[in-house]
Amino acid sequence: MRSPDLNGIVIRWFCTITDITELREAQEALRESELRFRGLQQATPDGFMIFESVRDENQKIVDFKWLYVNPAAEKIVGLSETQLVGKNLLDILPGNRDEGLFDAYISVVETGELWQKEFGYSHEHFDHFFLSTAVKVGDGFAVAFSNISERKRIELEREELLEREKFARIEAETANRAKDEFLSVLSHELRTPLNSILGWTRMLKSGLLDDIRTQQAVETIERNARLQNNLIEDLLDVSRIISGRINLEEEEVDFISVINSAIESVQPLADGKKIYVSFISEAESVQLLGDATRLQQIVVNLTNN
């Protein structure tokens, strides 16, 4: 194009016109996207941070620099955005190296693979569990911290409940076994004096016993009746059945007399099987502290066996 000036000199000039509508639209879309991103990150309860790699002369990652931090992340770290952006990660949180987080972030940048980990974090009055997720962004990474404290609390309560139920089940099973064992022993003990009573009763009814043996039979029947009465009391004592305990009444006992009484109790059974039972002791008396009834039960069981 040309145009004359006032002195008749011709001036030539050229121009080009470029349509930048798409560029302006892209820039506007980017700006709106950034505003939406910032608005979302400002409102989210999850912590969110973006880091850029800091490399040495050999291009080895030696640290990461904060590029962005949202309010939730500020609360987690305990520092404001102005105190974090532009600062190096290890300068602010050196413990990241010891905890293995720093190496994990390097791996994210170098491999591009997503990384996740659950961990607890405490800072002053801030104590929560988080799910940390890191992804590669350019020559750095973005990391989000999702608060999973409520989920962890529920999981912990469920684990504690399961543990309590397991413990209660074990206690119940133990108590049932103790009860079953106790009842099994008790049923055996109940039969022992009953067999003696029945045996001596049959001998009395036979009319073949002299006066001395008749008196012995009556005393033996009476003694075993008392023994059985004590056993029945144990059976009715539910608390002792559950705990598997038997009540002991300690007193001065002549053990020789206990043994002789036990032999008298099993004598009818032995006679019925034509077995001769005798007890020989060099001592006339052996005194000890114990429960005469329980000691007799022991000797009767041993003799029966």
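In this predicted model, T133 is placed in strand β6, which covers residues 126–136. The side chain of T133 makes a polar contact of 3.0 Å with the side chain of Q116. Beyond the residues within four places of it in sequence, T133 is in contact with L114, W115 and Q116, and also with A142, V143 and A144.

S132 is likewise found in strand β6. With a relative accessible area of 1%, S132 falls under the 20% limit and therefore counts as buried. Setting aside residues up to four places away in sequence, S132 touches Y105, W115, Q116, K117 and F119, together with V143, A144 and F145. W115, Q116, V143 and A144 are thus among the residues listed for S132 and also among those listed for T133.

**Helix α6 and the residue after it**

Y105, one of the residues touched by S132, belongs to helix α6, which spans residues 101–111. The buried residues in this helix are L101, F102, A104, Y105, I106, V108 and V109. Just after α6, G112 adopts a positive phi of about 80 degrees.

**A nonpolar surface patch**

L114, which is in contact with T133, also takes part in a nonpolar patch on the surface. The other members of this patch are V135 and V137, and the three residues together have about 240 Å² of accessible area. V137 is located in the loop between β6 and β7, the latter strand covering residues 140–147. The relative accessible area of V137 is 39%, so this residue is classed as partly exposed.

**Salt bridges**

The structure holds two salt bridges. Side chains of opposite charge can pair when their charged atoms come close. The two pairs are set out below.

| Salt bridge | Closest N and O atoms | Relative accessible area |
|---|---|---|
| R55 and D139 | 2.7 Å | R55 30%; D139 37% |
| E222 and R226 | 3.1 Å | E222 47%; R226 45% |

R55 forms a salt bridge with D139. Because R55 lies in strand β3 and D139 in the loop between β6 and β7, this pair ties together parts that are 84 residues apart in sequence. R55 is partly exposed, and D139 is partly exposed as well. The loop that holds D139 is also the place of V137.

The other salt bridge joins E222 and R226. Both residues lie in helix α8, which runs over residues 211–236, and they are four residues apart, about one turn of the helix. An α-helix has 3.6 residues a turn, so residues three or four places apart point the same way. E222 counts as partly exposed, and R226 is also partly exposed.

**The loop between β3 and β4**

Strand β3, the location of R55, covers residues 47–55 and is followed by a loop leading to β4, which covers residues 61–69. Q59 lies in this loop. Although Q59 is not a glycine, it has a positive phi of about 65 degrees. Q59 counts as exposed because its relative accessibility is 53%, and the limit for that class is over 50%.

**S285 and helix α11**

Further along the chain, S285 is found in the loop between α10, residues 255–272, and β9, residues 287–290. S285 is partly exposed, with a relative accessible area of 39%. The C-alpha atoms of S285 and V253 are 9.5 Å apart in space, while the two residues are 32 residues apart in sequence. Apart from residues up to four places away in sequence, S285 touches D254 and I256.

Helix α11 comprises 13 residues, from 292 to 304. From its first C-alpha to its last, this helix reaches 18 Å, close to the 18 Å expected at 1.5 Å a residue. Buried residues in α11 are R294, L295, Q296 and Q297, together with V299, V300 and N301.

**The chain as a whole**

The secondary structure of the chain comes to 11 helices and nine strands. The chain has 305 residues, of which 30% count as buried. Its accessible surface comes to about 20,500 Å², and carbon and sulfur atoms contribute 54% of that area. Among the contacts with a separation of 6 or more, 56% are between residues 24 or more positions apart.

Technical notes:
Residues numbered from 1 in each chain as written. Predicted model: local features only at pLDDT ≥ 70, side-chain atom pairs only at ≥ 80, totals over all residues. Heavy atoms only, no water. Helix = DSSP H or I, 4+ residues; strand = E, 2+ residues; numbered from the N terminus. Buried < 20%, exposed > 50% of the residue type's maximum accessible area, 1.4 Å probe, protein only. Polar contact = N/O pair within 3.5 Å; in protein donor to acceptor, adjacent residues only side chain to side chain. Contact = heavy atoms within 4.5 Å. Areas by Shrake-Rupley, 256 points an atom, 1.4 Å probe, with all protein chains shown as cover. Patch = residues over 30% accessible without salt bridge, like charges linked within 9 Å, V, L, I, M, F, W, Y side chains within 5 Å. Salt bridge = Lys/Arg side-chain N within 4 Å of Asp/Glu carboxyl O. Expected span 1.5 Å × (residues − 1).
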